[in-house]
Amino acid sequence: MPRGRLRVYLGAAPGVGKTYAMLAEGHRRASRGTDVVIAYVEDYGRPLTRRMAEGLATVPRRTVAYRSCTFTEMDLDAVLTRHPRVALVDELAHTNVPGCRNEKRWQDVEELLEAGIDVISTVNIQHLESLNDIVAQITGVRQHETVPDDVVRRADQIELVDMSAEALRRRMVHGNIYPPEKIDTALANFFRAGNLTALREIALLWAADRVEEALLRYRHDHGIQQPWSTRERVLVALSGGPEGDTLIRRAKRTASRGAGGEFLAVHVARDDGLAGASPQLLASQRALVESLGGSWQAVNGDDPAQAVLAFARQVNATQIVIGATRRSRLKNLFGRGTGEAIIEGSGDDIDVYVVTHSEAAHGRFLPSRRSSEKR
């Protein structure tokens, strides 16, 4: 039996409309004749959400007793027995009450997917495990229910449910998120405009990275070699020489000029294992790259120019930054001829910038002949 498909509605904060969007999608599929059921939906007393759930088949929840209290959870076995084509399962990061088969709801969802059932679910960005500390720093609230990032990244579809901070606060004031007695406290704490704006930016960037992953897979699967300039991605080629810090900082500044730009660093080590750059210097430069938010990659190759170009196309780089000696713009510190080879091999789709020590110190680039022609 083929595995089910997972679709996740991702939001920046409670109240942006994830559950509403999930239910709307359920109605759309049901109207086409698809067997859709509500396996678990939490409406939090919101009238609009509750009305949207009307008309969809529902699998009753199971009651679980714990510490002299009773709770309701998704009845996983009942949903598996019912075996709908699509199950709507809210709150992917939810922790089940002790006594359930699985500790986390995402584990329940995994069982549904393995049984061939498509699942539509929801999660807020603050519940992703890798962002827990960042969200706590911004909002002052640590989320105790989290889901591993890879669970969400593996989803077949991720749809961002976006809303500005101002619109979300208005929705709160109008009583569409929390009951009246909680509104003022929420607006003064978690739902401050600064908090919501920061969470929204995190959600947008996380979703953009997920889209970029899908784009790279598409290019790989279809054998597309030339970069697609969907965003500026600056690659700095490092020989391990003392000019590396200057090149790294220049690449970072270049990438930061455009929204969503990023920079990467690559060092080419010889295949024959002969000694090259100082390991201590390379470690220092790697630490600098990572401290500035870049990513570091070491690759092997006897032809540094070809290795740099191959890596640039693999990561969809739009610009390459290389270093040159003061004696010549075209002799970078990989050795004679490497700079020229990178420039000649870059084609029309990657711009190459050659930076000298003295000119870089004054904050200027020396464009190569080929890069000048291409721009």
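Two residues are said to be in contact when heavy atoms of theirs lie within 4.5 Å of each other. Among contacts in this protein between residues at least 6 apart in sequence, 69% join residues at least 24 apart. The model is predicted, and local features are given where pLDDT is at least 70, side-chain atom pairs count only at pLDDT 80 or more, and totals for chains, interfaces and linings use all residues. Residues are numbered from 1 along each chain as its sequence is written, and side-chain values use heavy atoms, with hydrogens and water left out.

## Overall make-up

The protein has 15 helices and 14 strands, where helices (H or I, at least four residues) and strands (E, at least two) are DSSP runs numbered from the N terminus. Of its 375 residues, 47% count as buried; buried means under 20% relative accessible area, exposed means over 50%, and partly exposed covers what is in between, with a 1.4 Å probe and protein chains only.

## The sheets and their strands

Strands are said to pair if DSSP finds at least two bridges between them. Six strands form an open sheet with parallel pairing, in the order β3-β2-β6-β7-β1-β8. At its edges stand β3 (57-58) and β8, each of which pairs on one side only. Between β1 and β8, which run parallel, there are five bridges, and V8 stands opposite I158 in β8. Helix α4 (residues 105-114) packs on this sheet, where it touches β1, β2 (36-40), β6 (86-89) and β7 (118-124), and its direction makes about 180° with that of β6; such angles run from 0 to 180 degrees between N-to-C directions, and axes are lines fitted to C-alpha atoms, for helices over the stretch in contact.

Further along the chain, β10 pairs with β9 in the parallel sense over six bridges, and β10 also pairs with strand β11 (residues 295-300) in the parallel sense over six bridges. L235 stands opposite L264 in β10, while V268 stands opposite V299 in β11. Six of the eight residues of β10 are buried, so this strand is largely enclosed by the rest of the structure.

An antiparallel pair is formed by strand β4 (residues 62-66) and strand β5 (residues 69-73), which five bridges join. V64 has F71 in β5 as its bridge partner. The two strands make a hairpin with two residues between them, and R67 in the turn has a positive phi of about 50°.

## Salt bridges

Side chains of opposite charge can pair when their charged atoms come close. The structure holds 17 salt bridges, each being a side-chain nitrogen of Lys or Arg within 4 Å of a carboxyl oxygen of Asp or Glu. Three of them are set out here.

| Pair | N to O distance | Burial |
|---|---|---|
| R5 and D156 | 3.7 Å | R5 partly exposed, 47%; D156 partly exposed, 38% |
| R29 and E25 | 2.8 Å | R29 buried; E25 buried |
| E262 and R233 | 2.6 Å | E262 partly exposed, 25%; R233 buried, 4% |

For the pair R5 and D156, R5 lies in the segment before β1 (6-11) and D156 in the loop between α6 (149-153) and β8 (157-161), so the bridge ties together parts that are 151 residues apart in sequence. R29 and E25, by contrast, both lie in helix α1 (residues 18-31), four residues apart, which is about one turn of the helix. The side chains of E262 and R233 meet in a salt bridge, and this pair links distant parts of the chain, with E262 in strand β10 (residues 262-269) and R233 in strand β9 (residues 233-238), 29 residues apart. Salt bridges that share partners also join R7, E25, R28, R29 and E159 into one network.

R233 is also among the contacts of Q319, which, leaving aside neighbours within four places in sequence, include E232, V234, L235 and Y353. Q319 is found in strand β12 (residues 319-324), and at 9% relative accessibility Q319 counts as buried.

## A pair of helices

The axes of helix α12 (residues 304-314) and helix α13 (residues 338-345) come within 8 Å and cross at roughly 35°. From α12, P304, A305, V308, L309 and R313 meet T338, A341, I342 and G345 in α13. The residues of this contact divide into six nonpolar, two polar and one charged, where Ala, Val, Leu, Ile, Met, Phe, Trp, Tyr, Cys and Pro count as nonpolar, Asp, Glu, Lys and Arg as charged, and the others, Gly among them, as polar.
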